[in-house]
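Colleague: Could you take me through one part of this model in some detail? I'd like a close look at a single interface.

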Amino acid sequence: MIQNLVDGFLVGSILSLGAIGLTMVMHVLRFANFSQAELLSIGAYAALVFDGVFGQMLPLFQSTLEPLSLTGALVLSMLASMLLTGLSAVVIDQLVFRRIRDSGEELSMVFASFGVALIIRNGISLLFGLKSHLYSNEIVFAIVVSRDPLLLIKPDQVFILIAALVLMVLLHLVLSRTTFGYALQAVAENPVLAQVSGVRLSFMVAMIWMIGGALAATAGVFYGLNNQINPVMGRDLVLPIFAATIVGGIGSIYGAVLGGFIVGIASNLALVVLPSGYSPAVPFLIILLVLIFRPHGVLGEART
Amino acid sequence: MSDPVLRVEKLVAGYVRDLPILWEVDLKLNAGSMTVIIGPNGAGKSTLIKAIAGIVPVHSGLIQVEGRSLLGMRPDQMSRHGLAYVPQTDNIFRKLTIRQNLDLVLRPLSLRQREERREVLLVRFPTLREKQEIRAGALSGGQRQMLAIAMALAGEPRILLMDEPSAGLSPKVAQEVLEQAHALTSQGVSVLLVEQNVKQALRFADYCYLLADGRNQLSGPATTILQSPLIGEIYLGGNRIPEVAS
Amino acid sequence: MIGWLSYPIFFATVASILAIAVLGLNLQWGITGLFNGGVAAFFGAGAYGLLILGGTPQPDHMGGFEWFYPVALLGGVLFSGLLAWIVGLLTLKLRHDYLAIATFGVAVAFENFVRNAEWFSGGAKGMRGFERPLESWIADPFWFNLAFLGVVLMALMGVYALLERLLRSPFGRLLRAIREDEHAAQSLGKTPSRVRLTAFVTGSMIMGLAGGLYATFYAFVSPQDVVPTLTFQVWAMLIVGGAGNNRGGVLGAFLIWAAWTASGWGLSRFAPVELQLYTGTLQYILIGLIIVGMLLWRPQGLLPEKLIMSQ
């Protein structure tokens, strides 16, 4: 069971990173973005491409950073992918969602996001094929931390967990110590007052997509490192990431982080009692429980 | 009489295109004066202020500050024209501390200028200084109002728009707020405010506009309006200037 | 002569069944403004419900109660209604996208459940053991299929007529009022969430009816029939035809189903061998483009909602 707990923590960190962007979009733009999870796919595949390119261009970076399977090139690729994915999110908003928003049909944005998700997911399938990829073909052995109870941890997983926490701490610092962070929180709390206070709404909306996309990219890369990269990554992560935002409370970044870990851990602990075939349904059960007992989530507030 | 620093002419405005709330409203704010807008509920007083602040869409008419038109400006651009606006409710960010609220409004400035301006504001509002690191949501109603005004003053505005600044405050605190607003006029700030608290507001104001049903009804020096018997009638809905047949 | 007629009959039957589902969705989205992200689940509940209640006993899973066909069909419909009622009760008082997420989740959970719970649904290999009503009487498959098409068309027209009546009734006016301005409707003393729940459950039951008819037609249902693709197809049908508009919904159903089958056929016939694997992929991109394209350029659909003159 402790293995499940540790695995849950790891999955949770990935979900948290994906949920941060989603909770901001859901709260500020008021729509459930079913294509947010596809940003993880874009991030993972973009990093794959960059990895190939950087690996060729900078042979020095091809060597792995022992004991991880990570190469310097992959780290650079992740950074490049963060930028690219963030920009993609902004572009998608400009091309599709903003136009629908401006036409007054707010409710249609959810609907459109389904369409966008289909296009991205299957576009990736066309480009990269239906099979899965890996960042590295090296066989990495897990470290046996304890034999009874059995606990195996791959060094990559430690890296992922630490990197995810570092990113979250950085985000926290931005939110609590920079005027940009105040502006972000202001827009989330009261967009009209934020504008009155001098904040340019359209810029902040673009930033929300940018940050959400960048964090989703890291989540995608981490997922690819921990499992594998495949075109249906996004589809498999949609519901858990939504569950994370609902558990934490829509609109709360800290809630999204908390929610991610709760969903990750709960989903993995559920495997102790449920056959593994049922694990895709667990996030839904979590959502049901939250809706019954605490619909606004742990850190959420009702917002009209 | 100097040129008005803010001029509104034949303003038609409202949230929905075909349903204007304001109908051909005129208003002038003279430099260094404190002008108050009064009227019964639903008169459109808040809407008028919000239209000037750029929050409510304008359908037709004129809004000018020192000769320059404000139409089409976004609310975040208003400070460039020396305009600041204090909403009636939800006028501070509850999740941010007092200091963070102020820093947010002071964002465009350099770090040093920000510190200087913040210092000036905290000197003016000592209560805020001692509670700097407290979340605005934990403050009392009066303290929140103080913060809201401080935030509006942070940009050193030439025109201050306030929507019922004394709402929800005890009479003593309400009077302090109106006194402070009036004191600003001697520092070169022109103040336009909406008030339900007619008697108190008219004691401090120079000029007054009475609105009902989205239209001008009366206007004049505050002392004159205060003594006019028409006020009671207009408030109670009896005597309204008839709508012009369109 | 009979040979080539078989395919159009087949096509019309499936398109009509899907049209019924689109009408149910129209009630939810077009008229009441509710986003149902899990159409497949309510469709599937009707299908599985029918086969469990009306099927013959099978060794490896439950069911086989062999109920009288119309009753079994009703059972499936009620199963959908129950599912919708639970989801709606929990989410309709909250902001609108909770419903979207919850219905999406229901669909994921439903598919997952029927795929894994062999004792209930036969698992991944699906559920058989259903004798189509009157099949023993009409032995010839061609005439049987034609008769069944007739039944489906009657069901379609019945649902259509019912919904048109509903639109013009006070209840219909209330639904549209709530969609346009909830606060105004509330001031009239109606509880919006209660009314929306009724609309949502009714729409879902209509989808359940479609599912039941679908299962009757094939005498078989499997988890593959309740995948998200179905939800996207029904949505595309509604958005193309015209949300809020029953005739548009039916038109959209036939158009999209034609596009889907034509593209599938065209790709398998003319596409190079390497691309064959991607037939599904290309079709999904097509659906995605249709959805996004229509929303951007003609959100009202091909047949826009007419102003209803209420009586």
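How much area is buried between chain A and chain C, and what percentage of it do carbon and sulfur atoms give?

Modeller: Sure, with the ground rules first. This is a predicted model, so local features need pLDDT of at least 70 and side-chain atom pairs count only at pLDDT 80 or more, while totals for chains, interfaces and linings use all residues. Residues are numbered from 1 along each chain as its sequence is written, chains are lettered from A and ligands numbered from 1 in the order in which they are written, and side-chain values use heavy atoms, leaving out hydrogens and water.

Now your interface: about 3,800 Å² is buried between chain A and chain C, and carbon and sulfur atoms give 81% of that (buried area is the accessible area, 1.4 Å probe, that two parts lose on being put together, summed over both). On the side of chain A that touches chain C, at least two residues each come from α1 (2–28), α3 (72–102), α4 (108–128), α9 (233–248) and α11 (282–293) of chain A; these helices are DSSP runs of H or I, at least four residues, numbered from the N terminus. The largest share is from α4(A), with 13 residues. By type, that side of chain A splits into 31 nonpolar, nine polar and two charged residues; Ala, Val, Leu, Ile, Met, Phe, Trp, Tyr, Cys and Pro count as nonpolar, Asp, Glu, Lys and Arg as charged, and the others, Gly among them, as polar. In terms of contact (heavy atoms within 4.5 Å), 42 residues of chain A meet 40 residues of chain C. As for salt bridges (a side-chain nitrogen of Lys or Arg within 4 Å of a carboxyl oxygen of Asp or Glu), the count between chain A and chain C is zero.
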